[in-house]
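Please work through the exercises below with the sequence and the model at hand. Each task is followed by a solution in steps.

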Amino acid sequence: MKVHVDGISLDLPAGTSAIDAVFQAGKDVPYFCAHPYLSPVGACRMCLIESGSPRKNPDGSFIMEGEGDAATPKIFWFPKPMAACTMMATEGMQIKTAATSEIVAKSQAGMMEFTLLNHPLDCPTCDKGGACELQDRAFEYGYGASRFGFDRRHAEKHYPLSDYVILDQERCIHCKRCVRYFEEVPGQEVLDFIERGSHTFIDTAEGGLPVGFQGNITDICPVGALLDNVARFRGRNWEYDHTHTTCTLCPVGCSITVDARNGSLERIVAGENREVNEAWICDAGRFGHVFASENRLTTPMIRNEDGELVAATWDQAVDAIRAGMAGLDAHDLAIFLNADSTLEEGIAAEAFVGLTGLASVDYWPRQATYGTDAPTLTEIAQSDGVVVLGADLGEEAPILELRILEMLRGGILPAEFHHGTAIADLRLVERPARKREKLAVISSKPSRLSEQAGFSAQMDAATALAGLTGSSDNAAVSAAANLLKTAERPILVLGAEALASLSGAARSALQTLTQRTKTRILALPAGANARGLASLNLVPRSGGLRYDQLSQARVALISRLNPLAEGQSRPRFLISHDTHLTATALQADVILPAVTNYEKRGITVNLEGRLLPLRPAALKNGEAADFIRALSIVAEALEIKTSIRGIRSAQNLLSERLGVNVAELPIHGLIAPLGMRYDAPAAPYTPLLWKEGMKRSDPVYHAGMIELPMASTPTFVAGDD
Ligand code: SF4
Ligand code: SF4
Ligand code: FES
């Protein structure tokens, strides 16, 4: 399809919107209400263009103008400027933007004057300053003056829609992005316009916005009307150091931007990654970051003769470890790391274990797994039958819930142009009908997703699994089994509860089911990088201890895990590598200060098996270091020389093993074969994304004792397997 924008000729796919044609031509048009992942509604009227198309004669030939060879199809222009976001570009269409059309420039300036009629001039104080589309566009496309001299409308400026989102009613320009977002993405009709005309305001149902995905509206509000209450008034946009990295609170691995100011993590906003989180993140990922900049451990600590923990140097920590391990050797050491550790930290641990021959190594949380060929998130969104079994996605992998809801809308992946994701995708429909019969959710507790499913049942995972692979009296289980049988691209999601009940018989029944129905299985990993660490040999060797057998270890090095309540039996000598003075760290003999995942460089592997990069934000953390450093400190105390002493040597080894240059991964990640999976008996684990201490208002947060995300206490078992 040939389209001409300001005289530039383009070849575009059919169905492209006029606004995307303009951007594809490298030209500009202002817009407020269009959004790449929401249906276009034409609410703000800023994206005006002049447009015209050729028309055809009854015989199918174009109506021409001009004579002979100079004749060209006659363009019939619309009599007035049109909104480009809701208009489809058609064959031979001519488009004029403000750059070439005086009428468009004048109309846009008039529209801007109208939009600013009631908008307060808060610009110097508004938190959106520096990232406000209205401010920028008023400067570029406005008159610079107003002909309206009367008093502005006044409304509530600090109107809470929830604990996390504050609405400034005066600033709202009624673009309807937030309303459409709730209806179209999480499928919740909780926000809407109330009243009419200049009295219109947006408000929510009683009880405020539901926690889950509400924070996304603060990203998409084009003005400073909706603000993140955790970050509000803590910094201006241009004062932040922006770091594009990956969230590691759950195994989805959303792209995020970490905004730090003066070394403190102040704000997290969603990054766009079409394949993973599209443009959304969950509320835990957005608001649960306050621990990263509060009460951090900044130097090593050792226990003195009086039994008190005191600050020390790294050399003193080495001496303390050497003294504590006198009479013991590397075989007495147990190494346990958090399942959100990077691949680099994991491979350093693997190398250390290989060198010393120690048997007790493990990561937590680690649960039973199933299969290696996980479907991608896009494949899930484009499936035609999904069964979720024994999972609470809100706690285990929230964005997966949104991708499944996208499947109910038809799984339309936004088109990609040279200028990026389509600004207004005309295939998206406002308030779409949902194909609920494509989704079945079965678990022991109701969840947010079960409310949206065509079939749902409350049932323990083992019974549900047996019913799914055999036969069942339960109507929802039979419907789920039928869904897997009849769908062309069926997908079965197994959550923690289902994986904990996977007996040998259930595994072989599942295998038969997958072969018979071509069902792809996504077994949710328990931790952010549990899938990646499973590709390294980090499971107990023969006679070695698992993490839940920690108390039997003579010496243990544990990284960012907090298993020990006060008075609980513990290893004879305990080295804790942690970011905070947790209950476990308080009982340690040596504490090594750790970096959070917001400050790390490295690779994490998400639930699809996608390698995603972590990049370090500029946070104040004193002498905090990663697990590679902690291992080399212990190696020094044991007087052994490890082959991996830093990120570079770890990445070289990883690149060799994976056949991918991991030091230069694209920010959106890359799916690469991870090789074999190491497995061992696992302790039961129930994921819990929101932890005490993640919110500023938590009492535990104020006490300075922070339970970190994904560091919950395992079930301790007595004796060996
Ligand atoms: S609050 Fe923001 S996103 Fe919602 S309608 Fe108003 S301007 Fe648009
Ligand atoms: S879904 Fe998971 S990875 Fe994404 S923002 Fe939430 S916690 Fe982070
Ligand atoms: S009318 Fe708002 S972007 Fe087109």
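The exercises concern a helix, a sheet and the surroundings of two ligands. This is a predicted model, in which local features need pLDDT of at least 70, side-chain atom pairs count only at pLDDT 80 or more, and totals for chains, interfaces and linings use all residues. Residues are numbered from 1 along each chain as its sequence is written, chains are lettered from A and ligands numbered from 1 in the order in which they are written, and side-chain values use heavy atoms, with hydrogens and water left out.

**Exercise 1.** Determine whether helix 11 is mostly covered or not, and what covers its buried residues.

Step 1. Helices (H or I, at least four residues) and strands (E, at least two) are DSSP runs, numbered from the N terminus. Helix 11 spans residues 398-408.

Step 2. Buried means under 20% relative accessible area, exposed over 50%, and partly exposed in between (1.4 Å probe, protein chains only). Eleven of the eleven residues of helix 11 are buried, including Glu401, Arg403 and Glu406.

Step 3. With contact defined as heavy atoms within 4.5 Å, the covering elements include helix 9 (377-381), helix 10 (393-396) and strand 21 (385-389). Strand 24 (439-443), strand 26 (490-494) and strand 27 (520-523) are also among them.

Step 4. After helix 11 comes Gly410, with a positive phi near 115°.

**Exercise 2.** Identify the residues around ligand 2 and classify them.

Step 1. A residue is near a molecule or strand if one of its heavy atoms lies within 4 Å of it. The residues around ligand 2 include Cys247, Cys250, Cys254 and Cys282; Pro398 and Ile399 also belong to this group.

Step 2. Ala, Val, Leu, Ile, Met, Phe, Trp, Tyr, Cys and Pro count as nonpolar, Asp, Glu, Lys and Arg as charged, and the others, Gly among them, as polar. The shell of ligand 2 then has nine nonpolar, two polar and no charged residues.

Step 3. For ligand 1, 13 residues form the surroundings, the closest being Cys172, Cys175, Lys176, Cys178 and Cys221. Its shell has ten nonpolar, one polar and two charged residues.

**Exercise 3.** State the strand order of the open sheet of seven strands and explain which strands stand at the edges.

Step 1. Two strands pair if DSSP finds at least two bridges between them. The order is 18-17-30-29-28-19-20, with mixed pairing.

Step 2. Strand 18 (309-311) and strand 20 (360-364) each have a single partner strand, so one side of each lacks a neighbour in the sheet.

Step 3. Within the sheet, strand 29 (residues 573-578) and strand 30 (residues 590-593) pair in the parallel sense over four bridges. His577 stands opposite Leu592 in strand 30.
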